[in-house]
Structure formats: structure tokens, C-alpha cells
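Please open the structure in a viewer and keep the sequence panel visible. The tour below goes from one selection to the next and says what is found at each stop.

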Amino acid sequence: MSDRILIFDTTLRDGEQSPGASMNLEEKVRMARQIDALGVDVIEAGFPMASEDDFQAVRAVAKEVRRPIIAALARTTPEDVERACRAIEDAARPRLHTFIATSDIHLQHKLRKTRDEALAMAIAAVRQARGYTADVEFSAEDATRSDVDYLCRVVEAVIEAGATTVNIPDTVGYTIPSEFNRLIATLRQRVKGIDRVVVSVHCHNDLGLAVANSLAAVEAGARQVECTVNGIGERAGNASLEELVMALYVRRDALPFTTGVVTTEIHKSSQLLSNITGMMVQPNKAVVGRNAFAHEAGIHQDGVLKERRTYEIMTPESVGIPTNRLVLGKHSGRHALGKKLAELGYKLTRPELDKVYSRFIEIADQKKEIFDEDLIAIAHEGMKEIPETYRLKVLQATAGSQKPSTATVTLQKAGADMVACAVGDGPVAATYNAIDLITNFRGRLVDYAIRSVSRGRDAMGEVFVHVDFGGRTFTGKAASTDVVDASAMAYLHAVNKALHLSHTLEAAVGREVAAPVPAVSEGPVATRLDAPGRTETPARRETAAGSQRRAVPAEDGLSGGVKGAGSDNIRLIRLV
Ligand SMILES: [Zn+2]
């Protein structure tokens, strides 16, 4: 029996299904490239039947990422299987992955099918898939709560029908290691033909046992494990790729198995995923958490200084945590920046590098030391693929215990300056209200997160937002040494994304009122003091309900108005 464990990464499918982890096509392709660099064997790119976006994303990944197997998920219906096969038709190594539930609770309540009907559907789907590709995986959803005799029957039948990988998912994270080990052993003993196929497992983490269960299955003969970067996924997530891989690596004495994963790419993959989705890793998360290699207690520090192995079972370098952290300053040139970014894994085009460089100089002016983390944050901004319809020019906001806060925002659109002033419960809320006044594009802030990118008082703050425009959520992110600035830019990033996709948002976009600059009184523009606010807890998390985002009726006569800032180009923005 081979001692090689196949790593099946489902970050882009199961992982992407987790709340707050949605990615657009470009983001999925970028993540897929990194997962490829990580050396996984299979990338499950999506569920093409779920939506047109999913279909296109799977297609794009299949075209761009050529080394690993690219899998697409399908239910056992002919339409699903056909759609999924179409999505991977350009893949160098396509895999069709079809599934149906085998537990009575799913059959009776969800599918309303008999065991025999489900069995027939499984066989038909596998046969159909084999017509498109020789690589077919079948999953018995909720296998761990299925009747073992029936599960054996299904597995035997799909192998007979041509499945080449049989996956045994613990869909609801219910099993425990000893039990799961026995289940895999039972299948391997009882199912005819099982030696011809790869036995796979797919464990969820509802009881925190996903990795332990996966390893128990490996010991019983499973040779593929399904997992995600940072363990993201439905509910409590999937088995975490980095934990599985490092457990197999660190304990290779007790677990004599290998994987094809390049462990030094783990940290970068984890960071990229957090950067794309805004889903931060908990600090104490195994392997990739910020504290995973931090030694706080004096006794521990003393031990590590004398001999690292006293308290470290693996080195930070082995998972790719950069040790040479201090890098560039404001006198560094474009070439040095490009070289450093390439070392960090970011190969930028010339226009991207130009954009990143100008942002780098701005940041370097405000901050003495630029760390790798800073550069990565800046690089992500420079690589934003979305046209900057609105660009932040000037922002002034007040903060403090005296509420409300006010913000004056100047945005640029097609060379024209637009200014608005608004109030809010805090500087961020006031800023967002002012931006809404200008864009007339009303977003509902679903999620707001802020974190410090590097260390020290002059550290950059990175802000992630999820904003709902017309029922569709867009993520935005930006980094700056000023957190209100970063908040504004992150929000604008989401606005610009939404505008970019405005064809799908129908008429929700761009009804700004353009008019000649009126004679505006001196001093700050009047705004309603009880103007719609946002619940705000800076530096933690901010959410706002849609109902709080009402516009102030124009007849109040106290609009959050706009005034000239010395340019002919300035246009009047009104509340509607
Ligand atoms: Zn799952």
C-alpha cells in the first residue's frame, strides 16, 4: 500500500461556502494559483450548478491551473453532472465529483428518496460522469450517520459503475476517531473492489475533531484527505490543511506517510486567504495563528533561547514564516521593491508595480519601517483589478467622546472633485455617510473588521468590509497608517467593485444629481444631527442594520450637502 497521502483542497468549494468567505472569479484564480504552489494533489474549484459565477470560476481555474487535478462538484442529477463536466472540460486533469446522501435522515427529510432510489441515482451519475472523464469521485454524504450495510452496498455499486475515488464524509462533524477508524476498516474489509480505488475522507470540525478523525482514517487505509486552508468551511469548518500536513510531517515517526505539500508555502497561503476574504485566523490557531510560534512565559523563552526544541516541535521557517522581517524604507527604489515583492511571491506587472510603488512611497513617508506584512498589504491594494471609479482625495473626520462625529470627504471621479460632509456615530460611520452622499450608492455594512498589519504605534491598519448593495455582498479592503483613511478606502473598494458589476445590480447604481456649483455659505455644510448612523465599535467590529441606513428626506432642508473646494469641476451632491 502506498504511503503517499493525496491532499484534496476544497478551500474554493466547501471553504468558499462559509459565511463571509465568498470570493470573486479573480480572487478564486489567485487563490488557486497559490494552492497549486502549495503542492496539493487536487483542487476542488467549485460547484458549477450553484450559479453562473461558480461555473465561470471553475472554468477559469481549470484553464489557468494546469498541474493539479481540478475537481468540480455535482449532485447526482444528469443536469448537474453535465454542467460540472462542461466547467472542467478545459482542465489538464479533470475530475468529476458527484455526491448523494446515504443516511436515512437525509434520504427521508431532505431528498425524500428511498435507499434504492438513491443507489440508482448514484450509479447513473457515476456512469454518466465516466462518459466525460476517467477520473470520477463519489461521495456518500453524511456517511458517518448512514447504515453501514447500506453504505457498503452504495460504495460497492459506485466502484462497479466506474468511480475511481470513494469519499466517506463526516458531513456534520459527528464521528470520533476510534469509530471513524473502524468505519474505514470495515469498508475496506467488506466492499468488493475497494482496493482498486482511492478511499478518501472529508471531515467537518463541529466537535473540533476534523483533523483527528482524518488521521484516524488514514491509519485505517484512507489515502486521500479533503481539507481547506485555515480550516474554513461550512459551519465550524473542514479539516485544516496545514494541521493535517504538519501532523503528518512532524509525527512521521508514528504516522509513516508523506504528502506532496511544500510546507514552506503554508504561511503564505494562509495569509493570502485571510487577505482575500477578510476572515482572520484566530491568534492561537495551530500552525498558522499569530501566536503559534510566540513564546510568552519566561521559562519558555529561556528554554527556546538555549535550545529551540525545548518548546518547539516545528520551526516557523518550516511553514514559511518569514524571519527576516524588516525590509524596505522610503529611500528604496522601484527595482528593490519589485525584487522584494517577487521574493514574497508577488510577481507584478509594470502597471501594478507602478501603482504599488506610489502607495509604498506614501506609506514610507508616514512610517519608518516597512515590514513584509506591510508590503503584502500594499501589494494587494496595487493589484486590485477593479477600475477606481471613485478615488479618495481628501478625508477629514472628527473623533472623540463628543458625538456625533463629522466627516468631510472629497472623492474624485473622472477628474472631477466631489465633496460631501456628513455626521455619524463615529468617524467611520460619518465617513461612510459622506461617501454615500457622493456616490448615491447606498450600501449596507454587513461586516467590518480591522487589524494591525505590523507592529509598533505607526503600524498600518488594515480594514476589511463586507457591504451589501442591492442584495449582493462585496468585499473591500485597504491598508493605511490612518485607520479612518483605511476604512474609507476599503468601503470605496467595495463601492467600485459594485459599480464595476453594475449590470447585475440593475438600476441600483449611480443616480447622482449633477448641478452647477451653487453659492454655498461659508463654513461647514449643515447636516442633520440625527442623521442616520451606524453602530460602531472601532477597532473591533462594526455592523449596521439596513434600516439604520435611511436617507434623510430632502424636505428637511438640512441635507448633508456639498460645497465648492476651489475647482470648477465640483458638482453638487444632494441627499435624495
Ligand atoms: Zn463539506
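Begin with aspartate 9 and isoleucine 43, the latter in strand 2: these two residues are bridge partners. The model on the screen is a predicted one. Now widen the selection to strand 1 (residues 6-9) and strand 2, which run parallel and are joined by two bridges. Strand 2 covers residues 42-46, and five of its five residues are buried.

**The whole chain**

Zoom out for a moment. The protein has 16 helices and 14 strands. Of its 576 residues, 48% are buried. Take the contacts between residues at least 6 apart in sequence: 67% of them join residues at least 24 apart.

**The largest nonpolar core**

Which residues touch the most other members of the largest nonpolar core? Select Ile43, Ala45, Val61, Ile70, Ala72 and Val225; the core they belong to has 90 residues. Helix 8 supplies the largest share of this core, with seven residues.

Stay with alanine 72 and show its surroundings. Leaving aside residues up to four places away in sequence, alanine 72 touches Ala45, Gly46, Pro48, Val58, Ala84, Ala87, Ile88, Leu96 and His97. Another core lies apart from the largest one; it has 63 residues, including Ala377, Ala379, Ala430 and Tyr432.

**Helix 9**

Select residues 241-250, which form helix 9. Eight of its 10 residues are buried, so helix 9 is largely enclosed by the rest of the structure. The buried ones are Leu241, Glu242, Glu243, Leu244, Val245, Met246, Ala247 and Leu248. To see what covers them, add strand 1, helix 8, strand 8 (224-227) and helix 10, which are among the covering elements.

**Helix 7**

Next select residues 177-190. This is helix 7, with 14 residues; from its first C-alpha to its last it reaches 20 Å, close to the 20 Å expected at 1.5 Å a residue. Colour its buried residues: Phe180, Asn181, Leu183, Ile184 and Leu187. Around the axis they cover an arc of only 160°, which means that they sit on the same side of helix 7.

What do these buried residues pack against? Show helix 6 (148-161), strand 6 (165-170), strand 7 (198-203) and helix 8 (210-219), and the packing partners are on the screen. Then turn the view to the face pointing away from the buried side of helix 7, where the exposed residues Ser178 and Gln189 are found.

**The sheet of strands 9, 10 and 11**

Move on to an open sheet of three strands, in the order 9-10-11, with antiparallel pairing. Strand 9 (391-397) and strand 11 (416-424) are the edge strands, each pairing on one side only. From one strand to the next, the twist averages 15°.

Strand 10 takes in residues 405-413 and pairs with strand 9 over six bridges, in the antiparallel sense. For one such pair, select alanine 397 and its bridge partner in strand 10, alanine 407. Helix 15 (residues 427-439) packs on the sheet and touches strand 9, strand 10 and strand 11; its direction makes about 135° with that of strand 11. Add helix 16 (residues 483-500) as well: it lies across strand 9 and strand 10, at about 140° to strand 9.

**Backbone stops**

The last stops are single places in the backbone. Most residues other than glycine have a negative phi, and most peptide bonds are trans.

Select lysine 403 and proline 404. The peptide bond joining lysine 403 and proline 404 is cis, with omega about -5°. Proline 404 is in the loop between strand 9 and strand 10.

Follow the chain to alanine 414, in the loop between strand 10 and strand 11. Alanine 414 has a phi near 50°, a positive value in a residue other than glycine. Is alanine 414 buried or exposed? Alanine 414 counts as exposed, because it has 8 C-beta neighbours inside 10 Å and a residue with 12 or fewer is classed as exposed.

Finish at valine 287, in the loop between helix 10 (266-277) and helix 11 (298-306). Valine 287 is not a glycine, yet its phi is positive, about 70°. Valine 287 is buried, with 27 other C-beta atoms within 10 Å.

Definitions and conventions. Residues are numbered from 1 along each chain as its sequence is written. This is a predicted model: local features need pLDDT of at least 70, side-chain atom pairs count only at pLDDT 80 or more; totals for chains, interfaces and linings use all residues. Helices (H or I, at least four residues) and strands (E, at least two) are DSSP runs, numbered from the N terminus. The expected span of a helix is 1.5 Å times one less than its number of residues. A residue is buried if 20 or more other C-beta atoms lie within 10 Å of its own, exposed if 12 or fewer, and partly exposed in between; C-beta atoms are placed from the backbone. The arc is that of the directions from the helix axis to the C-beta atoms. Two residues are in contact if their C-beta atoms, placed from the backbone, lie within 7 Å. Two strands pair if DSSP finds at least two bridges between them. Axes are lines fitted to C-alpha atoms, for helices over the stretch in contact, and angles run from 0 to 180 degrees between N-to-C directions. A nonpolar core is a set of buried Ala, Val, Leu, Ile, Met, Phe, Trp, Tyr and Cys residues joined through C-beta atoms within 7 Å.
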